[in-house]
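Welcome! Here is a short guided tour for someone meeting this protein for the first time. Please take a look at the sequence and the structure below, and then read on.

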Amino acid sequence: MKASAQTQAVRYVVVVAAVGVITMVDFRLHVNHTTVALMFLVAVLLASAYWGLRYAVVLALAATVAFNFFFLPPIKTFTIADPQNWVALFAFLVTALVASNLAERARREAERAKGRRREVERLYGLSQRLLASENVLELLDALPRYVQDTFSVGSVAVIAAGQPSIYRSSLDAVFDESVLRSTLLRGEPITEAGVSYVPLRLGMRTVGALGVAGDELSRETLDALGSLIGLAIERARALEALSKHRAEQEHERLRSALLDSVTHEFRTPLTSIKASVTTLLSAATLDDQGRRELLTVIDEEADHLNRLVGEAAEMAQLDAGMFQLDLQPHSIQDALQPALDDAKSSLENHPVEIVAAADLPDVRMDAQRIREVLMHLLENAGKYSPPGSPIKVTCEVNGDRLMVNVADRGPGIDSFEQSLIFEKFYRGHNQRYTAPGTGMGLAIVKVIVEAHGGTIGVVSQLGSGSVFSFSLPIDKNSRLANSPREPQ
């Protein structure tokens, strides 16, 4: 950074004053010529190292004059009697100039090294900011501001291949669009009207162009900046393509899982219905009891089919957010008792224990939806637990939430599957072939609970059973009504 005119003048005064001080001290102390010359050389080196060559040259010339006038005989004259003194004076002047030039070179190299280090640090900081973006449009929109803030330049503009828009660091940033697009097409750097245009490269391929105005960055820095930004743009594009590919794979996986699950689940009741209808239509003679049993099978399996279709339709609505909750203050019993009736067929071989205090506060919920949640959890508990094993339902207050737990004595869920069982169509490896189901029940439960502002989770241990827990926010008015009052 260049010093101001006032600073330069002060430095010249200091240089001349330094020569005067050294001369006065050495003259009064009658120091020998060698010591005087060395002291002047040290002053010249210091001036060159810290201030630059121009000040060192002035100091060297002034020191040569003072050395001749005060220390070479005849003293206090500019005449030199001994020819050897001419050699000494010339040697001092040459030594001072050479030493000051070397010190200036060392100082410049040190400044260049510091500048390169600062640029590397800035490039590293910019790379960290660029790596945080995984969307191309978001990256291009923020990139000019990133460059402007990192390198303290006046304004920045960028354009990417395949993107018609030019992104600027500010609305008043003016760049020659034709030059910027020419840099993109030709892939060659251009400097015009104080603005540097550099291509954004990825290997031999140009993926964009960058314009920088308001500061003079080195060519090496501009090239590194172009490579870094080009790499960041291609990285964001690759991540977008990867995300799209993964989404397509997930869509295909879900579609296959849905078809497999629905096919299997629909085939079982259809087979029963078909067999029953075939028997009824055959010529075989059936008594009233046999005919009633077959009609009962048809009725139950038709209900089963209707429920499967209903779950699939409900899952689609929940995924699309096409549902509304009728949130009203309700007691949890308003949903629990009907849910026990809904899951009666799955619980008929299990004793069910309900632990719930009579003074539990109301919760804001859609009673029908929470009834559905409890029905799914109770059915799962009954379906996967061995016959005769108990199922326990507990309700308790935890802060501003009501916690509902459904515990069973089933085979348990492996730790790596506990976060997967709430995904659509996922069924445990050990249960998918031993118990009927579509894998939609827990996914429906999760969406409904979270729509109420609650949370759901599971704690399980292999061989010891599972505890499914969900929370619902307590109704504020109910909480105030149930809070203890101070005595009057």
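In which strand does threonine 394 lie? Threonine 394 lies in strand 9, and we will come back to its surroundings further down. Keep in mind that this is a predicted model. The protein has 13 helices and 12 strands, and the points below walk through its overall make-up, its cores, its helix pairs and a handful of individual residues.

**The protein as a whole**

- Of the 488 residues in the protein, 39% are buried.
- The exposed surface of the protein comes to about 27,900 Å², and carbon and sulfur atoms supply 56% of that area.
- Take the contacts between residues at least 6 apart in sequence: 65% of them join residues at least 24 apart.

**The nonpolar cores**

- The largest nonpolar core has 38 residues, and those touching the most other members are Ile332, Ile370, Leu374, Leu377, Leu378, Phe468 and Phe470.
- At least two residues of this core come from each of helix 9 (333-342), strand 8 (363-365), helix 11 (367-384), strand 9 (391-398), strand 10 (401-407), helix 12 (441-451), strand 11 (456-461) and strand 12 (465-473).
- Helix 11 gives the most to this core, namely seven residues.
- Isoleucine 332 is in contact with Leu360, Met365, Ile370, Cys395, Leu402, Val404 and Leu472, if neighbours within four places in sequence are left aside.
- Another core, of 28 residues, lies apart from the largest one, and its members include Ala160, Leu200, Leu225 and Ala232.

**Helix 1 and its partners**

- Helix 1 (residues 5-29) packs with helix 3 (residues 53-71) at an angle of about 25 degrees, and their axes are 10 Å apart.
- Helix 1 and helix 3 are therefore roughly parallel to each other, and their crossing is right-handed.
- On the helix 1 side, this contact is made by Gln8, Arg11, Tyr12, Val15, Val19, Thr23, Asp26 and Phe27.
- On the helix 3 side, the contact with helix 1 is made by Arg54, Tyr55, Val58, Leu59, Ala62, Ala63, Ala66, Phe70 and Phe71.
- Helix 1 also meets helix 2 (residues 33-50): the two axes come within 11 Å and cross at roughly 160 degrees.
- That angle makes helix 1 roughly antiparallel to helix 2, and the crossing of this pair is right-handed.
- Val19, Ile22, Thr23 and Asp26 of helix 1 make this second contact, together with Val36, Met39, Phe40 and Ala43 of helix 2.

**Two buried residues in helix and strand**

- Threonine 394, in strand 9, is buried, with a relative accessible area of 17%.
- Leaving aside neighbours within four places in sequence, threonine 394 is in contact with Val355, Met403, Val404 and Asn405.
- Alanine 56 is found in helix 3 and counts as buried, at 0% relative accessibility.
- Alanine 56 and leucine 46 are 10 residues apart in sequence, and their C-alpha atoms are 8.1 Å apart in space.
- Beyond its neighbours within four places in sequence, alanine 56 is in contact with Val44, Ala47, Ser48 and Ser100.

**Two glycines to find**

- Glycine 457 is found in strand 11 and is partly exposed, with a relative accessible area of 24%.
- Not counting residues up to four places away in sequence, glycine 457 touches Phe422, Val467, Phe468 and Ser469.
- Glycine 457 and serine 469 are 12 residues apart along the chain, with 5.5 Å between their C-alpha atoms.
- Glycine 412 lies in the loop between strand 10 and helix 12 and is buried, with a relative accessible area of 9%.
- Glycine 412 and serine 464 are 52 residues apart along the chain, yet their C-alpha atoms are separated by 6.0 Å.

**A backbone angle to look at**

- Most residues other than glycine have a negative phi.
- Serine 152 has a positive phi of about 55 degrees, although it is not a glycine.
- You can find serine 152 in the loop between helix 5 (136-151) and strand 1 (155-160).
- Serine 152 is exposed, with a relative accessible area of 54%.

Notes:
Residues numbered from 1 in each chain as written. Predicted model: local features only at pLDDT ≥ 70, side-chain atom pairs only at ≥ 80, totals over all residues. Heavy atoms only, no water. Helix = DSSP H or I, 4+ residues; strand = E, 2+ residues; numbered from the N terminus. Buried < 20%, exposed > 50% of the residue type's maximum accessible area, 1.4 Å probe, protein only. Contact = heavy atoms within 4.5 Å. Areas by Shrake-Rupley, 256 points an atom, 1.4 Å probe, with all protein chains shown as cover. Core = buried A, V, L, I, M, F, W, Y, C linked by side-chain atoms within 4.5 Å. Axes fitted to C-alpha atoms, helices over the stretch in contact; angles between N-to-C directions. Parallel < 35°, antiparallel > 145°, perpendicular 65-115°, else oblique. Left-handed = near helix turned anticlockwise from the far one by under 90°.
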